[in-house]
Protein chains: 2
Amino acid sequence: MKKRHVFCISDGTGITANSLGHALLSQFEQTEFIQTSLPYIDTPEKARDVCQKIEEAFTKDQAPPIVFSTMVKPELLKIIKKSPGLTLDFLETFIDPLEKTLQEKSSHTVGRSHGMVDYATYKRRIDALNFSLNTDDGASINQYDKADVILIGVSRSGKTPTSLYLSLQFGLFVANYPITDHELESTTLPSALQPYQNKLFGLTIDVGRLMAIRSERRPNSEYASEKQCAFELNAVEKILKRAQIPYLNATHLSVEELATRILVFQSGKPHE
Amino acid sequence: MKKRHVFCISDGTGITANSLGHALLSQFEQTEFIQTSLPYIDTPEKARDVCQKIEEAFTKDQAPPIVFSTMVKPELLKIIKKSPGLTLDFLETFIDPLEKTLQEKSSHTVGRSHGMVDYATYKRRIDALNFSLNTDDGASINQYDKADVILIGVSRSGKTPTSLYLSLQFGLFVANYPITDHELESTTLPSALQPYQNKLFGLTIDVGRLMAIRSERRPNSEYASEKQCAFELNAVEKILKRAQIPYLNATHLSVEELATRILVFQSGKPHE
């Protein structure tokens, strides 16, 4: 397989440069990419060091390294562009058409994207994360009136990572509640959940995947057996269907995909 | 303040379109942006619905709405471009120079960016998150040999959100350990931490911010008092300095910024 060096550089965290670089490179499957993230390139000296790294990679690859950049400071970008890399700068490319349509000059301020510039919004994300941690795995049911979403499903169906991602990234207050053995014997919602029906969202998962995940935790246990997993999943699906609760099968969806789909569902609901 | 509608659209999760749109718009401070995320626009019907929304916003603003897009399917992007919005498509703009330098056609495959395409890497992120949850707040010290990083600091200095972000985003196994009252009376590292000195990273915070955060949790408590906060912060700083442990002041840094700086530190360390 062909190899090519890739640099994601930024005078801030580089999260945006990485995200976009990743999205673009994932469209090319015949090349192996050797990726380096270089955040906080915020002085001419650091920029020149980066050029050095790009040159070394150029010598190795015998082809221009790919440089994804979100440099806010034009003077630093200028230095990077002297390197033999193919520099794709996201800000530079799009700032010009935006300045035209907004009839406003951009501020060239570093750190506004992933910093805590809007402190109220930032604080909400941290508060939401604390809420999700405090209400993880059926804890603190008495706080459910504050929840935006309550995820339900069997143990190990992906509720916790999805809750934490939704809270940290989007500031949503997300509780999660595992439906357990004796509750599964009924086909109705556990009574603790009944007052919050419009906040509920279900996660299911394929039997094989659930067995694999549970086996890692408790190998050869009843908990991880095909019989137990199938019973729990069937029972939860019955409850979800009967109570008309929206749900997703988490087997082939990443945390990001689950979270985004739950957000779409949320935003489609009539506001209370 | 001028207002302008903004749409972030994608045939996938839209996380990349949102991240880049946010980075770009944060450079314009004189306009108020009314932002709508529209993920999973994956059929011509949905694309036409989006055009409708863009047209309505155009009528309201009397100016072209801004459309940030990462549409992998060219036929869907074509529909969006018929709208009166200013469409800035990140993939289209950069795919062409990448195809040229890589001498390879892009695959036009949706969902490779934030999905679970590389299952081993994805699984590591989830395993790392579970590790960080299990070792949160000084729990499961017996698992510290598996940790990549152990964050230390006083209670409420930002250890938990930083740990969770590092694990979920980067697959790093991050434990965190609160240094508590009786340990602060000594100026040496707590004995539980001593075997792991090269994994330790400290977080400090300004007294005023710590008081505010603790007051929210326990108003008018000794725990939130200026005297107690100042004592703990001084003591922790002494320990960190004496043991030569790298540390950051979390007061003005977001979780993203803290995490990125810790990663930079990590990658700069000699490999073991």
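**Exercise 1. Domains of chain A.** State how many ångströms separate the centres of domain 1 and domain 2 of chain A.

*Solution.* First, identify the domains: chain A is divided into domain 1 (2-102) and domain 2 (119-268), with bounds that come from an automatic or database domain assignment. Next, take the centres over C-alpha atoms; 39 Å separate the two. The model is predicted, so local features need pLDDT of at least 70 and side-chain atom pairs count only at pLDDT 80 or more, while totals for chains, interfaces and linings use all residues. Residues are numbered from 1 along each chain as its sequence is written, chains are lettered from A in the order in which they are written, and side-chain values use heavy atoms, with hydrogens and water left out.

**Exercise 2. The interface.** Determine what area is buried between chain A and chain B, and which residues of chain A lose the most.

*Solution.* Begin with contacts (heavy atoms within 4.5 Å): 78 residues of chain A touch 78 residues of chain B. Then consider buried area, the accessible area (1.4 Å probe) that two parts lose on being put together, summed over both. About 6800 Å² is buried between chain A and chain B, and carbon and sulfur atoms give 62% of this. Within chain A, A:Gln27, A:Phe28 and A:Phe94 lose the most area to chain B, together 11% of what that side buries.

**Exercise 3. Salt bridges.** Find how many salt bridges join chain A and chain B, and describe the one between A:Glu29 and B:Arg112.

*Solution.* Apply the rule: a side-chain nitrogen of Lys or Arg lies within 4 Å of a carboxyl oxygen of Asp or Glu. Between chain A and chain B the count is eight; over all chains, the whole structure has 26. In one of them, A:Glu29 meets B:Arg112 at 3.8 Å, N to O. Here A:Glu29 belongs to the loop between α1 (15-25) and β2 (31-38) of chain A, and B:Arg112 to the loop between α4 (90-102) and α5 (119-134) of chain B. B:Arg125 also forms a salt bridge with A:Glu256, the closest N and O atoms being 2.6 Å apart.

**Exercise 4. Symmetry.** Establish what turn lays chain A on chain B.

*Solution.* Superpose the copies by least squares on the C-alpha atoms of residues with pLDDT of at least 70 in both. A turn of 180° with a shift of 0.0 Å along the axis gives an RMSD of 0.0 Å. The copies are therefore related as by a two-fold rotation axis. Finally, the same surface serves both copies, as 100% of the contact residues of chain A recur in chain B.

Note on methods:
Helix = DSSP H or I, 4+ residues; strand = E, 2+ residues; numbered from the N terminus.
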